[in-house]
Amino acid sequence: MTARRLDPVEMPTCAMLSSRQVTAALHFFAEGGYQRGVGQDSFVALSQPSTGRCIHNVCNAVSDLLADRWIVFPTTAAQRERISPSIGISQCDCTHTHIAITTPHEDEEAYYNHHEFHSLNVQGICALNVNARFPGRVPDQFIWRDSAVKVEMRRLHRERIDDFYFIGVSGHAPEQCMLTPFTYAVEGTPERFFGMLKGRFRCLFQDRTLHHVHAQEARIIETCVVKHNVMIHYIIPFDEETMVAEPYVPAQMKIMLPMVGGKRGLTLYSGISTAKNLGRK
């Protein structure tokens, strides 16, 4: 489905096949080597500009055709039952990670995070929802407060539809639908999702800084989450040795300055927070 909708990449002699574009993009997602390894691969052998256009086309196709199918936050009883069919209290992890980016040309200070590098602060909820629209300096709690998922969780609590909670870490303030039992990431806690994601897709690893504009970086992150969910669905094994440990930052250090100028970056919602479901803000 994805390949049929890809725009052709113009080459000196002909348009590139969609299958070759997908191969080049998948190579980049898995390797994350600044596109150089993709261009030098004997099976792909593309210039860096052509590889960049392939990544752009594939990410746009995945966002348009597959994201709403593979990144879906449960909004019905049947969907919630599939996630947690056997326990009365349904637990869902809400966590954040920083995806490294190159120094932006505009509002550079808004992207400089407390780990001392430029990034996007990405909120993920058990691979059911991803929000990659905020710069790295934005606090976790601000992103959660502005999230459409929080509106849905508050509705469940207000209408007394079973007992549903999110499990978060110390970046979040405790509230009726958010439990924060963890000070930092340990095995089996919320940060494990992002550790697996970065282990599978090295383009998201801090040493593999994304060299794209904000909107395209967000689509790359969304595409990786889609492919992660597809791999889980088809029971593709994950090598635990490739797990990427999230950096430990004590709770008292998680203090951020407000964004300069109040700008929030470009919008990208997935799953429950797509435009056709809840509307972009």
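**Exercise 1. Classify Glu159 as buried, partly exposed or exposed, then place it among its salt-bridge partners.**

Step 1. Glu159 has 42% relative accessibility. Buried means under 20% relative accessible area, exposed over 50%, and partly exposed in between (1.4 Å probe, protein chains only). Glu159 therefore counts as partly exposed.

This is a predicted model: local features need pLDDT of at least 70, side-chain atom pairs count only at pLDDT 80 or more, and totals for chains, interfaces and linings use all residues. Residues are numbered from 1 along each chain as its sequence is written, and side-chain values use heavy atoms, without hydrogens and water.

Step 2. Apply the salt-bridge rule: a side-chain nitrogen of Lys or Arg within 4 Å of a carboxyl oxygen of Asp or Glu. Glu159 pairs with Arg155 at 3.0 Å, N to O.

Step 3. Follow Arg155 onward. Its side chain also meets Glu152 in a salt bridge, at 2.8 Å. Glu152, Arg155 and Glu159 thus form a linked network. Arg155 is partly exposed at 23%; Glu152 is buried at 10%.

**Exercise 2. Which residue forms a salt bridge with Asp146, and which parts does the pair tie together?**

Step 1. The partner is Arg133, with the closest N and O atoms 2.2 Å apart.

Step 2. Locate both. Asp146 sits in the loop between helix H6 (140-145) and helix H7 (148-158), and Arg133 in strand S3 (residues 129-135), so the pair ties together parts 13 residues apart in sequence. Helices (H or I, at least four residues) and strands (E, at least two) are DSSP runs, numbered from the N terminus.

Step 3. Check burial. Asp146 is buried at 12%, and Arg133 is buried at 2%.
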